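Me: I've got a structure open and I'd like to go through the labels on it. Could you tell me where each one comes from?

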Amino acid sequence: MRRWGRTRSSVFRGLRGHKPRCFSVVVNDVERVSVRNGSSGLVTIDLHNIAKVSSPDPLLIYLPPYSTAFTERPAQLPRFLQRKPTAVINYRWAGFNPFEVEDLSPPESNEQSEEDEESHLSWPAPIHDTARAYDWIIENLGPSTYTRRDVYVYGSYLGASLATSLALTETHPHARMGIRGVVAYNGIYNWTMFLPDHPINKAPNPRSMNIFEDILAHPGDPDFRELKQHAEALFERPDNLFDPFASPCLFFHTPGLFVPSSFNESALSPATSILDLPADSEEASKIRSLMLLKPPRKSPLVFPPRSSTLKIPEALLLHSTPPPLPPSLRRRRQRRKKDHPGNNFRTQAEELAGLMQRSIDKVELRERFKWDDDFDGLNDEAARRIQVHGVGFNTGDYRLGGKGEELAAAWLEDHIQ
């Protein structure tokens with residue numbers, strides 16, 4: 001592996017205008033570029049197959065399932081991306097690495113601050129890295145002529161949350177180069193659903209089963225449980241769970257919960273710090289009294305904003321299937337009139353899909369109905385653009401399995417052609 005140095009790759013020859021200072025190195029035919037992200041250090045981008053295609057061809061952006069920012073070897077691409085021009089954003093996010101064999105600390109470099117980087121690696125560092133890397137990609141990998149270049153994003157696990165947030169906030173259909181669609185696998189799209197007071201964690205009839213039966217009835221996905229157990233390490237403070245860039249479902253509705261003072265405190269009453277505020281006025285006293293009565297209601301939000309040029313991207317949301325129930329419990333569940341789905345990768349994907357489809361129906365198509373005479377052909381538009389598919393049991397290695405690879409490859413081929 002060559003040492004880091006100030007080089008200009010053939011990938012970037014002929015690009016117009018001043019480019020921000022960056023550093024590049026070639027590892028196994030993969031170009032790794034490091035870009036300064038303000039005072040927080042460097043974000044690295046691995047470029048696969050970029051120099052082998054003309055710039056108007058569609059570009060893929062890949063966000064790995066966990067932080068791979070400080071590994072020496074580039075992250076391995078999923079099989080359906082391996083022959084496509086792909087930029088891998090190696091975002092920095094401490095707190096979760098299922099196969100960590102070494103400290104998540106940056107390599108020694110004269111170009112990096114000697115200050116301890118750990119304090120910069122929790123949320124919101126990963127979304128800042130993702131946004132900075134995306135800006136660099138748009139500035140440096142755009143078409144050299146007046147043609148267009150489409151971008152599609154794929155992310156899994158932690159990368160799926162970042163991929164959907166990026167797609168929801170950067171899909172401008174009229175942009176010459178921009179995001180047109182997103183594929184996500186086993187993402188957490190609403191981290192507040194891990195809080196114990198979230199309605200999804202409340203069984204409808206808690207007396208109908210004992211504790212042992214309840215545990216067996218919801219065995220859960222081990223990868224899902226692992227992400228839940230690392231939520232505090234990933235976000236450090238509970239208010240970060242309420243950031244819509246971390247929980248993209250919250251672009252579409254208010255959380256319906258108070259921000260708790262800790263990850264284990266109640267989210268149905270205001271944080272202690274709010275209740276302890278002095279009653280300086282009669283109005284403050286009234287507000288405090290109302291807050292004590294009941295938690296805030298979950299209310300829909302208009303997204304994208306009507307004044308923006310954003311559009312809901314086309315999306316394929318893939319999820320693994322929870323392990324099967326024991327036969328005796330499966331028969332009991334079939335006898336129930338209403339099943340409680342619980343919190344898992346499937347319910348996370350279905351919630352986000354439902355919100356995106358509702359936005360298409362209630363915001364985008366309602367506006368289009370005012371001027372489009374051919375509206376009848378758009379009745380299934382939301383279901384066509386936002387798709388959810390199960391891909392079977394997960395493989396245990398945080399990779400997309402065979403069925404998921406086939407679905408993702410077919411979806412991309414349909415959109416890229």
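Me: To start, how many helices and strands does the protein chain have?

Reply: This is a predicted model, and its protein chain has eleven helices and nine strands.

Me: Since it's predicted, what is the mean pLDDT of the protein chain?

Reply: The mean is 81, and 71% of the residues reach 70 or more. Over residues 1–21 the pLDDT is below 50, and beyond near neighbours in sequence that stretch has 37 contacts in the model. Residues 211–217 also stay under 50, with eleven contacts beyond four places in sequence.

Me: Now the helix pair. What makes H1 oblique to H2?

Reply: Helix H1 (residues 125–140) and helix H2 (residues 158–170) pack at an angle of about 50°, with their axes 11 Å apart. Angles under 35 degrees count as roughly parallel and 65 to 115 as roughly perpendicular. An angle of about 50° falls in neither range, so the label is oblique. As for handedness, the crossing of H1 and H2 is right-handed.

Me: Which residues make that contact?

Reply: On the H1 side they are Pro126, Ile127, Thr130 and Tyr134, and on the H2 side Leu162, Leu166 and Glu170. Sorted by class, the contact has five nonpolar, one polar and one charged residues.

Me: Why is tyrosine 157 called buried?

Reply: Its relative accessible area is 1%. Buried means under 20%, so tyrosine 157 counts as buried. You'll find tyrosine 157 in the loop between strand E6 (149–156) and H2. Its backbone has a positive phi of about 55°, although the residue is not a glycine.

Me: And how do you know that tyrosine 398 counts as buried?

Reply: By the cut-off again: tyrosine 398 has 5% relative accessibility, and under 20% means buried, so tyrosine 398 gets that label. Tyrosine 398 is placed in the loop between strand E9 (386–390) and H11. Phi of tyrosine 398 is near 60°, a positive value in a residue other than glycine.

Me: What about the chain in general: what percentage of its residues count as buried?

Reply: Of the 417 residues, 48% do. On the contact side, among contacts between residues at least 6 apart in sequence, 78% join residues at least 24 apart.

Me: Why is asparagine 97 called partly exposed?

Reply: Asparagine 97 has a relative accessible area of 23%. Buried means under 20% and exposed over 50%, with partly exposed in between, so 23% makes asparagine 97 partly exposed. Asparagine 97 is in the loop between strand E5 (86–90) and H1. Leaving aside neighbours within four places in sequence, asparagine 97 is in contact with Tyr66 and Ser67. Its C-alpha atom is separated by 9.0 Å from that of proline 65, 32 residues away along the chain.

Me: What makes aspartate 150 partly exposed?

Reply: The value for aspartate 150 is 25% relative accessibility. Partly exposed runs between the 20% and 50% cut-offs, so aspartate 150 counts as partly exposed. Aspartate 150 sits in strand E6. Not counting residues up to four places away in sequence, aspartate 150 touches Pro58, Leu59, Gly178 and Arg180. From C-alpha to C-alpha, aspartate 150 and arginine 176 are 8.1 Å apart in space and 26 residues apart in sequence.

Me: And the other end of the scale: how do you know that glutamine 417 counts as exposed?

Reply: Glutamine 417 is at 78% relative accessibility. Exposed means over 50%, so glutamine 417 counts as exposed. Glutamine 417 is found in the segment after helix H11 (402–416). The C-alpha atoms of glutamine 417 and proline 58 are separated by 9.5 Å, with their positions 359 residues apart along the chain.

Me: One last item, the backbone. Which residues does a cis peptide bond with omega of about 15° join?

Reply: That bond joins tryptophan 123 and proline 124, and proline 124 lies in the loop between E5 and H1. The peptide bond from phenylalanine 303 to proline 304 is also cis, with omega near -5°. Proline 304 is in the loop between helix H7 (282–293) and strand E8 (314–319).

How values were computed
Residues are numbered from 1 along each chain as its sequence is written. This is a predicted model: local features need pLDDT of at least 70, side-chain atom pairs count only at pLDDT 80 or more; totals for chains, interfaces and linings use all residues. Side-chain values use heavy atoms; hydrogens and water are left out. Axes are lines fitted to C-alpha atoms, for helices over the stretch in contact, and angles run from 0 to 180 degrees between N-to-C directions. Helices (H or I, at least four residues) and strands (E, at least two) are DSSP runs, numbered from the N terminus. Angles under 35 degrees count as roughly parallel, over 145 as roughly antiparallel, 65 to 115 as roughly perpendicular and the rest as oblique. A crossing is left-handed if the near helix is turned anticlockwise from the far one by less than a right angle, and right-handed if clockwise. Contact means heavy atoms within 4.5 Å. Ala, Val, Leu, Ile, Met, Phe, Trp, Tyr, Cys and Pro count as nonpolar, Asp, Glu, Lys and Arg as charged, and the others, Gly among them, as polar. pLDDT is the predictor's confidence in each residue, from 0 to 100. Buried means under 20% relative accessible area, exposed over 50%, partly exposed in between (1.4 Å probe, protein chains only).
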